[in-house]
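Reader: I am new to protein structures and would like to work through one with you. Could we take it step by step, with a reason behind each answer?

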Amino acid sequence: MGTSYKGNSKYYRSIGQNVLLVSSKYRYVNGRFGINSPSSGNITRNIASSDPLATAKDFYNKIAFGGKETVYNGGKLNITHMADGSIVTMRTFSSSRDHSPVVEINISGSTHTGGLKEQKIHFVEDKK
């Protein structure tokens, strides 16, 4: 029995390999996804959609594709370790006021970021 990688990938992938999978669908400029959060600095980002949880899951599944995932608390916390040493974390709700889903990208130990910068992305309700 072999190792199983997220998304049924046949091999262990780096986060840098997944940047293109995500950047074609989500706003990506200078190594960061989404837009600056109005309440914090450049590291905290927002991506707005009509279904924030579904959008967060889609984003997470693409950026963490081919990693080694551990699921906690009945799926409310997912942590994926990538081949390059980066870590992608998804929480179905954050401690922020709106309790928005959040994906954190930690590249501090990465050997292949693909230009991606460290960031925390909140998936917020589109206010159209």
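Reader: Which residues of α2 are buried?
Author: Happy to start there, keeping in mind that this is a predicted model. A residue counts as buried when its relative accessible area is under 20%. In α2, the residues that pass this test are Pro 52, Thr 55, Ala 56, Asp 58, Phe 59, Tyr 60 and Ile 63.

Reader: How far does α2 reach from its first C-alpha to its last?
Author: Start from the length of the helix, which is twelve residues. At 1.5 Å a residue, the expected span is 16 Å. The model comes close to that, with a reach of 16 Å.

Reader: Which residue forms a salt bridge with Asp 58?
Author: Here is the idea behind it: side chains of opposite charge can pair when their charged atoms come close. For Asp 58 and its partner, the closest N and O atoms are 3.1 Å apart, and the cut-off is 4 Å. Asp 58 lies in helix α2 and the partner in the loop between α1 and β1, so the pair ties together parts that are 33 residues apart in sequence. The partner is Lys 25.

Reader: Is Lys 25 buried or exposed?
Author: Exposed means a relative accessible area over 50%. Lys 25 has 51%, so by that cut-off it counts as exposed.

Reader: Which residues are linked with Asp 58 in a network of salt bridges?
Author: We have already met one of them, since Lys 25 forms a salt bridge with Asp 58. The network also takes in a second lysine. The residues linked with Asp 58 are Lys 25 and Lys 62.

Reader: How many residues apart are Glu 69 and Lys 6?
Author: Their side chains meet in a salt bridge, at 3.3 Å from N to O. This pair links distant parts of the chain, with Glu 69 in strand β5 and Lys 6 in the segment before α1. Glu 69 is partly exposed at 31% relative accessibility, whereas Lys 6 is buried at 11%. Along the chain, the two are 63 residues apart.

Reader: What is the order of the strands in the open sheet?
Author: The sheet has seven strands with mixed pairing. A good place to begin is at the edges, β3 and β5, each of which pairs on one side only. Reading across from β3, the order is β3-β4-β9-β8-β7-β6-β5.

Reader: Which residue in β8 is the bridge partner of Arg 91?
Author: β7 and β8 run antiparallel and are joined by five bridges. Arg 91 sits in β7, and its side chain meets Glu 104 of β8 in a salt bridge. The strand pairing is a separate link, and there the partner of Arg 91 is Val 102.

Reader: What is the phi of His 99?
Author: As background, most residues other than glycine have a negative phi. His 99, in the loop between β7 and β8, has a positive value although it is a residue other than glycine. Its phi is near 55°.

Reader: What is the volume of the largest pocket?
Author: Rolling a probe the size of a water molecule over the atoms shows where empty space is left. For the largest pocket, that space is lined by 18 residues, and those closest to its centre are Ser 37, Asn 46, Asp 98, Ser 100 and Val 124. The lining divides into four nonpolar, nine polar and five charged residues. The volume is about 390 Å³.

Key:
Residues numbered from 1 in each chain as written. Predicted model: local features only at pLDDT ≥ 70, side-chain atom pairs only at ≥ 80, totals over all residues. Heavy atoms only, no water. 1 Å grid on protein atoms, 1.4 Å probe; cavity = no way out; pocket = protein on both sides within 12 Å on 5 of 7 lines; lining within 4 Å. Points joined across faces, edges and corners; volume = space filled by probe spheres on them. Nonpolar A, V, L, I, M, F, W, Y, C, P; charged D, E, K, R; others polar. Helix = DSSP H or I, 4+ residues; strand = E, 2+ residues; numbered from the N terminus. Buried < 20%, exposed > 50% of the residue type's maximum accessible area, 1.4 Å probe, protein only. Expected span 1.5 Å × (residues − 1). Pairing = 2+ DSSP bridges.
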